[in-house]
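Trainee: Could we go through this one together, beginning with how the copies are arranged?
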Number of protein chains: 2
Amino acid sequence: MSKRRPLSPLPRLRARGDSVEVDRVELTDLTPALLPYLGQVAYLQLVVFESLSRLISAAADLNEKAMLSETAGTVLTKQQGFVAEIRRAGEDPAEVMGPFTDAIDEFEKLTRGKDWAERLTSIYLTMGLLDDFFLRLSGGLPGDVGPRAAALLGADSRDDVIIEILQRAIAHDPRLASRLAMWGRRLVGDTLLMARSALHVTGDRKSDESRIEPVFTELIAAHTRRMDALGLTA
Amino acid sequence: MSKRRPLSPLPRLRARGDSVEVDRVELTDLTPALLPYLGQVAYLQLVVFESLSRLISAAADLNEKAMLSETAGTVLTKQQGFVAEIRRAGEDPAEVMGPFTDAIDEFEKLTRGKDWAERLTSIYLTMGLLDDFFLRLSGGLPGDVGPRAAALLGADSRDDVIIEILQRAIAHDPRLASRLAMWGRRLVGDTLLMARSALHVTGDRKSDESRIEPVFTELIAAHTRRMDALGLTA
């Protein structure tokens, strides 16, 4: 958790536009079960959308409302894309998402934060890490779902908007920096646990820790870069 | 308000896809001031989006959440389109929306409804009427903004989703029909007042009541068709 930024340049975390970068450690030798994968991602996006909507409602600043609504739009696009994949698989979205609502709601509560700035930081960091995680996992999906899932998860999610708002808040109140840094460090643990449990739920028995570990190391490095973007020490 | 559906077929209220029907009474001889027009529409969409988000959060049914998130996506697309128009005009969205927040917030409170079904009915009816109104007003906008505004407001707003959910709720609890019918009748008055005040704010001195009246008659007829779609008597 106290890992510093590596000295060597790292690939950009998130491709802009529709192209998805592939120079990352993938989990392609894992073959996640399709429906648990889709159900978890679809419900996670729904929860992120709801959290973001609450922040938009609570935002005092009209410009921040308008800015965050762009981020909310990208989350909705992802959410609808995964719901469409569930329907394409001939299944009912509610039934496929249903088994994961308790665990994900619990995760959301645990990582929610106690004020506006912490909540926005949570969305930025947990959504970033989990999208990244599910993107790495998408290569092993059956049929042609993988590339579509990767395109949805790899699309620009307008993090720039969140970063700008949080940087501004930190500049306005420098004490916020240490509080959010601490909060970010706490979040990474819970979020990695969520990812790990998602991996077990998608039920690949071939997965062993030695193969998964490098991916988690990369997820942590990407988390550190997200913290850096806010000017915070991870 | 107690107007019955006319016997002759009426043009479809809302074009599907990107095409916008033009066989309607337009307000093209009015020339609304650009920024008040954009500011009001952008803020209205933001308020509708926030209301819809609250309903998504409060929805007990996962399928309804997923369905309504599609509607929320269309509202966001409109909202972002109008924010983009404000930026294109070289102005700051928050400054342009700012003067209208009090009146529109007040309107939202007045038309909010006291439970989930009333709230969803409000979104459907008030958004429908006001989008329709601003669409008719768009022809008089300066430059090439008009056609773009019309395309945004005339795009499919996934009312079908709201209609389906409300029809289901009414089928489940038939007493809801009379309560929502009464609520819909109350809403039309407040919403027409909002439209009328928007017309004055956009500040066209040429506008006189005799020219505006046929448009309001059409807005009421369209409202009646929306009520009909729910199986309610307007």
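Trainee: What turn and shift lay chain A on chain B?
Mentor: In this predicted model, a turn of 180° with a shift of 0.0 Å along the axis lays chain A on chain B with an RMSD of 0.0 Å, the superposition being by least squares on C-alpha atoms of residues with pLDDT of at least 70 in both. The two copies are thus related as by a two-fold rotation axis.
Trainee: And how many residues does each chain give to the contact?
Mentor: Chain A gives 23 residues and chain B gives 22 residues, where contact means C-beta atoms, placed from the backbone, within 7 Å. Of the interface residues of chain A, 96% are also interface residues in chain B, so the copies meet through the same surface.
Trainee: Which element gives the most on the side of chain A?
Mentor: That is α2(A), with 12 residues, helices being DSSP runs of H or I with at least four residues, numbered from the N terminus.
Trainee: Changing topic, which residues have the most contacts inside the largest nonpolar core?
Mentor: They are A:A42, A:L52, B:A42 and B:L52, in a core of 133 residues; such a core joins buried Ala, Val, Leu, Ile, Met, Phe, Trp, Tyr and Cys through C-beta atoms within 7 Å, and buried means 20 or more other C-beta atoms within 10 Å of the residue's own.
Trainee: What does B:L52 touch?
Mentor: Leaving out residues up to four places away in sequence, B:L52 touches B:L68, B:T71, B:A72, B:V75 and B:I123.
Trainee: How should I read the numbering?
Mentor: Residues are numbered from 1 along each chain as its sequence is written, and chains are lettered from A in the order in which they are written.

How values were computed: This is a predicted model: local features need pLDDT of at least 70, side-chain atom pairs count only at pLDDT 80 or more; totals for chains, interfaces and linings use all residues. A residue is buried if 20 or more other C-beta atoms lie within 10 Å of its own, exposed if 12 or fewer, and partly exposed in between; C-beta atoms are placed from the backbone. Two residues are in contact if their C-beta atoms, placed from the backbone, lie within 7 Å. Helices (H or I, at least four residues) and strands (E, at least two) are DSSP runs, numbered from the N terminus.
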